[in-house]
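Okay, thanks for coming, everyone. I'd like to walk you through a model that some of you have been asking about, so let me put it up on the screen.

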Amino acid sequence: MPGERATATGTRSVLQDGASMLAARPHIEPRRVPGADSVVVSEIYLSLQGESSHQGLLCSFVRLTGCHLRCRWCDSAFAFRGGTRMAVADVVERVKALGSPRVEVTGGEPLLQPGVYPLMEALLAEGLVVLLETSGAIDVRLVPSAVHKIVDVKCPGSGEADRNDWRCLESLTGRDELKFVLASRQDYEWAKACIAERGLERGPAGLLFSTVHGELSPTDLAEWIIADRLPVRFQLQQHKVLWAPDARGV
Ligand code: SF4
């Protein structure tokens with residue numbers, strides 16, 4: 001049946017795997033804190049949106065510091081620590097000065113900081129299109145509904161698949177997207193099973209498939225999607241095509 005796969009312990013589904021592993025590493029709960037009106041910022045810059053249906057559009061980015069995950073292929077490890085604490089109002093002014101009608105709040109894992117909620121609300125209040133890129137490891141129920149949520153689903157190749165907080169699925173709307181970053185054929189099969197088992201193709205959110213740069217051929221992924229007639233959007237990691245793989249501020 002869909003989702004079953006051979007493991008060291010026998011044939012299990014991705015649902016069973018997620019449930020048993022969760023017991024080892026409990027999820028962090030999202031939280032708002034009264035008076036939290038600042039965030040620790042790694043960088044703010046202007047570029048082109050790279051990994052969603054907004055791909056290619058002018059976009060400001062606010063990258064917040066800190067992440068509790070360690071994806072094997074992470075390209076943002078520089079944002080794990082450091083950064084500058086800034087008032088929400090100052091972040092909004094910096095974003096407005098960049099001149100894009102669109103802004104993405106990213107990380108790290110931006111939902112670790114309670115100040116991210118007032119930040120997203122303040123950006124929306126300026127009339128900006130607000131995107132949130134999040135790991136999928138923290139429930140998104142506190143995110144303002146007008147925000148376009150781009151929620152990762154961590155595949156086994158990331159080393160963090162047990163961190164997926166499936167409660168995220170309950171808060172998704174038609175403006176949101178689920179993003180699978182695939183490092184191998186095994187990740188692809190796992191993602192396909194996940195979509196089937198959880199009925200994601202019938203859900204409101206768009207489905208994105210992209211490859212880990214240098215690990216999985218985009219051509220192979222494109223051919224698998226076509227052969228399986230999957231209802232997903234194929235994506236190239238645009239910034240790695242346009243700029244050096246380790247370039248910052250792009
Ligand atoms: S969730 Fe994002 S920032 Fe955190 S380790 Fe994974 S890829 Fe890196």
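**A walk from one helix to the ligand**

Let's start at the front end of helix α4, where a side-chain oxygen of S184 comes to within 3.3 Å of the backbone nitrogen of Q186. Before I go on, please keep in mind that this is a predicted model.

So, what should the end-to-end span of α4 be, going by 1.5 Å a residue? The helix covers residues 185-197, which is 13 residues, so the expected span is 18 Å, and the end C-alpha atoms are indeed 18 Å apart. Which residues of α4 are buried? Those are D187, Y188, W190, A191, A193, C194 and I195. As a reminder, an α-helix makes a turn every 3.6 residues, so residues three or four places apart point the same way. Right after the helix you get G199, and its phi is positive, near 65 degrees.

While we're on backbone angles, a quick refresher: most residues that aren't glycine have a negative phi, and peptide bonds are mostly trans. R229 has a positive phi of about 50 degrees, and it's not a glycine. You'll find R229 in the loop between α5 (218-228) and β11 (233-235). Is R229 buried or exposed? Its relative accessibility is 70%, so it counts as exposed.

Then there's a peptide bond to look at: the one from G107 to G108 is cis, with omega near 15 degrees. G108 is in the loop that runs between β6 (102-106) and α3 (116-125).

G108 also brings us to the ligand, because it's one of the residues surrounding it. The others in that shell are C67, L69, R70, C71, W73, C74, F80, S135 and K154. Sorted by type, the shell comes out as six nonpolar, two polar and two charged residues. And where does the ligand sit? It's in the largest pocket.

Now for two serines in loops. S100 is in the one between α2 (88-98) and β6. With a relative accessibility of 5%, S100 falls under the 20% cut-off, so we call it buried. What does the S100 side chain reach? A polar atom on it lies 3.2 Å from the backbone oxygen of L58, and there's also a 2.9 Å distance from its side chain to the backbone oxygen of R102.

S52 is the other one, in the loop between β3 (38-48) and β4 (58-64). At 1% relative accessibility, S52 counts as buried too. Its side chain makes a 2.9 Å polar contact with the side chain of Q49. A polar atom of the S52 side chain also lies 2.9 Å from the backbone nitrogen of H54.

Last stop, a couple of strand residues. V105 is in β6, and its relative accessible area is 0%, so it's buried. Along the sequence, V105 and K149 are 44 residues apart, while their C-alpha atoms are 9.8 Å apart in space. L131 belongs to strand β7, residues 129-134, and with a relative accessible area of 0% it's buried as well. Its partner for comparison is C59: 72 residues apart along the chain, with 9.4 Å between the C-alpha atoms.

That's my tour. Happy to go back to any of it.

Terms used
Residues are numbered from 1 along each chain as its sequence is written. This is a predicted model: local features need pLDDT of at least 70, side-chain atom pairs count only at pLDDT 80 or more; totals for chains, interfaces and linings use all residues. Side-chain values use heavy atoms; hydrogens and water are left out. A residue is near a molecule or strand if one of its heavy atoms lies within 4 Å of it. On a 1 Å grid over the protein atoms alone, a cavity is a set of points where a 1.4 Å probe fits but cannot get out, and a pocket is an open set with protein on both sides within 12 Å along at least five of seven lines; lining residues have an atom within 4 Å of a point. A molecule sits in a cavity or pocket if more than half of its atoms lie within 2 Å of its grid points. Ala, Val, Leu, Ile, Met, Phe, Trp, Tyr, Cys and Pro count as nonpolar, Asp, Glu, Lys and Arg as charged, and the others, Gly among them, as polar. Helices (H or I, at least four residues) and strands (E, at least two) are DSSP runs, numbered from the N terminus. The expected span of a helix is 1.5 Å times one less than its number of residues. Buried means under 20% relative accessible area, exposed over 50%, partly exposed in between (1.4 Å probe, protein chains only). A polar contact is a pair of N or O atoms within 3.5 Å; within protein, one must be able to donate a hydrogen and the other to accept it, and residues adjacent in sequence count only if both atoms are side-chain atoms.
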